[in-house]
Amino acid sequence: MHKTFNIFLLSAFCLSLSACSQLLGNKTSKPIPLKPLKPVVTKINTTTSWQVKTGSAMGENKVHPYLEKRLIYVAGGVNASAWDKNSGKLIWTTNLGETISAGVNGSLDGSSQIFIGTSNGNAISLDAKTGKIKWIERLSSEVLSVSPSKNGRVAFRTIDGKLHGLSSSTGELIWQQSQQTPRLTLMGASVPVIVGPYVISGFDNGKVAAYQLQNGEAAWEVTLAIPRGRTELERIIDVDGKLKPIGTALFAASMNGSMNGIILKDGNSVWSKRFSSSTGVSVDPQGLYSSDSKGYIWKMDPQNGAPIWSIDDLERYDPTLPTLVGSSLLVISDKKGKIHWVNTKTGQFVARLKGDPAGYSVEPEVDGRSVYAIGKSGLLTKIVAK
């Protein structure tokens, strides 16, 4: 496992446990208790359609579900599986025999494949209908995220700062690009997005970069953050959260850096606002939404980044990225296993449910009014909001 990953885990572990304070020379400090959540007056109807134990416990790995027309694909631990979106029925499961650290993603042009990465550095393609392995390609280090595939290419981001362009049909390595990786980073990486001829990825050096999907030629890069803090933790500048293209723009955020509105064509920033987030951004024409490193939930103006409202109720609950459900609702999950709904116009909570007691590390996926949330234990829940 990469050195940076181990350093961060040790730091985060010690900062979260009072026993570690003795190692740091402070015997009196104690963890600050979470403030109790305020009661929510329920204003919408939410129904849990089904809930299944997938056997894909992801722990702290950020492995996202992947939705297609009929199925939802999940992965974690050593297992990948496909489930019927309507009934929650298991379609197939595959034991890969190694820890899954990235994915799941699929095809933008109809090929029946899903893509997964492992902590051993393997890029893997499975048949989306059967779960059978189509190919395995060994990469340079642990895989942190995987793009969708398009036009015969798929990109895998590894922990050593490299982006690998592979043939989606054979797994052959076609090109490779790299960015310098700082000594201390967060766990995880932004999922590369494909827009037009480009694959765009965030990196641990605070940069977002675009490359030609077919041959890996560099197109542009923009810096969202540079190290500024006095401590190593304050100097973490990863771009780990969701990158969101909409129209001719791309929106992105970094830890201890900024949130930017970027022109997709050339990478120029139209605006940049000081911001710190590991979850990234959700956006529609009415608002730009994110959760910051303190746990505050924000709505901002996509045109200029100006704040519209913020919520501090989930401070230190490590809320996931707020995800849009239609135009009027956000759904957010947290480390304590709660699933929250917020009105996008008012910033008020309108519903709350209990989900996976182990908590959540990735945001729910949304299909219309249906919400699919997978927790750290592998518990997959479908909820319909009305």
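A residue counts as buried when its relative accessible area is under 20%. By that cut-off, 56% of the 386 residues of the protein chain are buried. The model is a predicted one.

**Overall build**

The protein chain holds two helices and 32 strands. Its C-alpha trace spans about 50 × 50 × 45 Å along the principal axes. A compact globule of 386 residues would have a radius of gyration near 21 Å; the protein chain has 20 Å, so the two agree. The exposed surface comes to about 16500 Å², and carbon and sulfur atoms supply 51% of that area. Contacts also reach along the sequence: among those between residues at least 6 apart, 47% join residues at least 24 apart.

**Nonpolar cores**

In soluble globular proteins, nonpolar side chains tend to be buried together. The largest nonpolar core in this model has 16 residues. Within that core, Tyr 73, Val 104, Ile 114, Ile 116 and Leu 126 touch the most other members. Two or more residues come from each of β3 (71-76), β4 (79-84), β6 (100-105), β7 (113-118) and β8 (122-127). The greatest share is from β3, which gives three residues.

Leu 126 has a long contact list once residues up to four places away in sequence are set aside. Among its partners are Ala 80, Trp 92, Leu 96, Ile 114, Ile 116 and Ile 133. Polar or charged names appear too, including Ser 112, Gln 113, Lys 132 and Lys 134. Gly 131 is another of the partners.

Apart from the largest core lies another, of 14 residues. Tyr 198, Ile 200, Trp 220 and Leu 250 are among its members.

**Strand β4 and its partners**

Is β4 enclosed or open to the outside? Six of its six residues are buried, so β4 is largely enclosed by the rest of the structure. Asn 79, Ser 81 and Trp 83 point one way from the strand. Ala 80, Ala 82 and Asp 84 point the other way.

β4 pairs with β3 in the antiparallel sense, and with β5 (residues 90-95) in the antiparallel sense as well. In the first pair, Asp 84 of β4 is the bridge partner of Leu 71. In the second, Ala 82 stands opposite Trp 92 in β5. Both connections are hairpins. The β3-β4 hairpin has two residues between the strands, and Gly 77 there takes a positive phi near 60°. The β4-β5 hairpin has five residues between its strands, and Gly 88 in the turn has a positive phi of about 80°.

The table sets out the bridge counts for three antiparallel pairs.

| Strand pair | Sense | Bridges |
|---|---|---|
| β3 and β4 | antiparallel | six bridges |
| β4 and β5 | antiparallel | five bridges |
| β26 and β27 | antiparallel | three bridges |

**An open four-stranded sheet**

Further along the chain, four strands form an open sheet in the order β26-β27-β28-β29, with antiparallel pairing. Which strands stand at the edges? They are β26 (323-325) and β29 (349-354); each has a single partner strand, so one side of each is left without a neighbour in the sheet. Neighbouring strands are turned by 25° against each other on average, direction ignored. Where β26 meets β27 (residues 329-333), Leu 324 stands opposite Leu 330.

**Backbone exceptions**

Most residues other than glycine have a negative phi, and most peptide bonds are trans. Three places in this model depart from that pattern.

The peptide bond from Gly 103 to Val 104 is cis, with omega near -10°. Val 104 sits in strand β6. Val 104 is also one of the residues that touch the most other members of the largest core.

Asn 151 is not a glycine, yet has a positive phi of about 50°. It is found in the loop between β10 (143-146) and β11 (153-158).

Asp 318 also has a positive phi of about 50° without being a glycine. Its loop runs between β25 (307-311) and β26. With 48% relative accessibility, Asp 318 counts as partly exposed.

**Ser 178**

Ser 178 belongs to strand β13 (residues 173-178). At 45% relative accessibility, it counts as partly exposed. Which residues does Ser 178 contact, leaving aside neighbours within four places in sequence? The contacts are Gly 161 and Lys 162. Gly 161 is 17 residues from Ser 178 in sequence and 5.5 Å away in space, C-alpha to C-alpha.

Terms used. Residues are numbered from 1 along each chain as its sequence is written. This is a predicted model: local features need pLDDT of at least 70, side-chain atom pairs count only at pLDDT 80 or more; totals for chains, interfaces and linings use all residues. Side-chain values use heavy atoms; hydrogens and water are left out. A nonpolar core is a set of buried Ala, Val, Leu, Ile, Met, Phe, Trp, Tyr and Cys residues joined through side-chain atoms within 4.5 Å. Buried means under 20% relative accessible area, exposed over 50%, partly exposed in between (1.4 Å probe, protein chains only). Contact means heavy atoms within 4.5 Å. Two strands pair if DSSP finds at least two bridges between them. Axes are lines fitted to C-alpha atoms, for helices over the stretch in contact, and angles run from 0 to 180 degrees between N-to-C directions. The radius of gyration is taken over C-alpha atoms; the globule rule is 2.2 Å times the number of residues to the power 0.38. Accessible areas come from the Shrake-Rupley method with a 1.4 Å probe; for residues, only the protein chains shown count as cover.
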